[in-house]
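Visitor: I am new to this structure and would be grateful for a guided introduction. May we proceed by question and answer?

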Amino acid sequence: MFAVALIVFRETLEAALIVSIVLAASIGIPGRGRWIGAGVAGGILGATMVALFAAAIEQTFAGSGQELLNAAILGLAVCMLAWHNIWMASHARELIQEANNLRRLFAVVSVLVLFLAAGLATQCVSFLSQDDLLPTLGEGLWDTSFLLDEDGIAGRILHTLIGYTARPSGIQLLAWIVTIWLIHRRRNASALTVLAAIVIGITGLSGPAAADTRGGSGCGSAIPLSLSSGSTRGSLAAQSAVWTSGVPCRVKNSGREGGVKFVASAVLRSIGSEMID
Amino acid sequence: MRLRVIRNNGTNPMRLRPSLLLLVLLGATQASAARAEDPPEIAVTFLGDRFEPTEISVPTAVKFALRVENKSTVSMEWESRALHREKIVPAGASAKISVGPLAAGSYEFFDDFHPKIRGHLVAH
């Protein structure tokens, strides 16, 4: 019982952090409560589906269903965050014309989103190397667990916010750096170009996992994608659904609408874990 | 004129293409190289209250596959923070997890649904 409570707490903490970022990022946007609420509902649904069909879907890719789904959803989330970040960089000026004190907020959120994307990218490549689709490029480049335990609360928070890993592998470090570099480099380029570059990059690197990372370019279209390709824990599906439906909506509607909706993933991860149990 | 504007903005598609192609090729060769060799399989069994064996001897410097067999009546998630691996294994099922190449040392793993049940991969 305590173990289950701990899992729920841990996953909730993670999601709460992300929701906080989303709430900050969507400040001043009308109807954001409704959007975030919808994201939660969609996430719960997605998690439930994933939990219910976990075993069945795992077998559909010759035992690689979990890795491929997780990697695809994480990859999608990274793309959406990257898109958001780049888009914000080029449109923030219009959005905050009259609200001068929002400028700092946007700057902070932008950095948070950048690191969040990099952190998710490290998780994405881990799943691909777990399925032997990517090399690890060396396990345990360094070990900082004596300084900051990844299982402790502070370690957990940093893990979510910036992708902190006490004993990172080479491929994780590479993914982290490349993600930040790509986003940073492309912030002045068009969002579509960047998105294409990242998708193709991930596609190329992940080989067979490729097909799953495509799609979901329209408003909310990732929700059915996550559901239909679902296999393992609900959390990631929820995260992706939330980001994917949120960010493109923002872009499409010039940022007047839709924050990203995230509370979902917390609830989801917990529900996902419990239902499987 | 138009071309110059595009170039100044750094969005010239011609500049982007070679790097994309490179990424795709890199990915393809790596994926196929990874598939070509068949890494050795090492087994561990989950019995509901413990892993068997609790301490698993594994080789250093080569990639191998860990075969996790769940012989209990509940789902478990094989997880290792040190190795960045996590995989749910339903009751009665088995799953394969690619690991390594590892440097000599001890790598802890546990069942994420029952985190007190732990074991170690010992690479030497």
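The exchange below treats the helices, the nonpolar cores and the strands in turn.

Guide: This is a predicted model, in which local features need pLDDT of at least 70 and side-chain atom pairs count only at pLDDT 80 or more, while totals for chains, interfaces and linings use all residues. Residues are numbered from 1 along each chain as its sequence is written, chains are lettered from A and ligands numbered from 1 in the order in which they are written, and side-chain values use heavy atoms, with hydrogens and water left out.

Visitor: How far does helix α4 of chain A reach from its first C-alpha to its last?

Guide: Helices (H or I, at least four residues) and strands (E, at least two) are DSSP runs, numbered from the N terminus. Helix α4(A) covers residues 102–130, which is 29 residues. The expected span is 1.5 Å times one less than the number of residues. For α4(A) the expected value is 42 Å, and the helix reaches close to it, at 42 Å.

Visitor: Is Thr160(A) buried or exposed?

Guide: Thr160(A) is found in helix α5 (residues 153–162) of chain A. Leaving aside residues up to four places away in sequence, it touches Glu14(A), Leu17(A), Ile18(A) and Leu116(A), where contact means heavy atoms within 4.5 Å. Buried means under 20% relative accessible area, exposed over 50% and partly exposed in between (1.4 Å probe, protein chains only). Because its relative accessible area is 7%, Thr160(A) is buried.

Visitor: Which helix supplies the largest share of the largest nonpolar core?

Guide: A nonpolar core is a set of buried Ala, Val, Leu, Ile, Met, Phe, Trp, Tyr and Cys residues joined through side-chain atoms within 4.5 Å. The largest has 33 residues, and those with the most contacts inside it are Leu81(A), Leu120(A), Leu128(A) and Ile183(A). Helices α1, α3, α4 and α6 of chain A each supply at least two of its residues. The largest share, 12 residues, comes from α4(A).

Visitor: Which strands are at the edges of the open sheet in chain B?

Guide: Two strands pair if DSSP finds at least two bridges between them. The open sheet has 4 strands in the order β2-β1-β4-β7 (chain B), with mixed pairing. Each edge strand pairs on one side only, and the two are β2(B) and β7(B).

Visitor: How many residues lie between β8(B) and β9(B) in their hairpin?

Guide: Strands β8 (residues 105–111) and β9 (residues 114–123) of chain B pair in the antiparallel sense over 7 bridges. Within this pairing, Tyr107(B) stands opposite Leu121(B). The number of residues between the two strands of the hairpin is 2.
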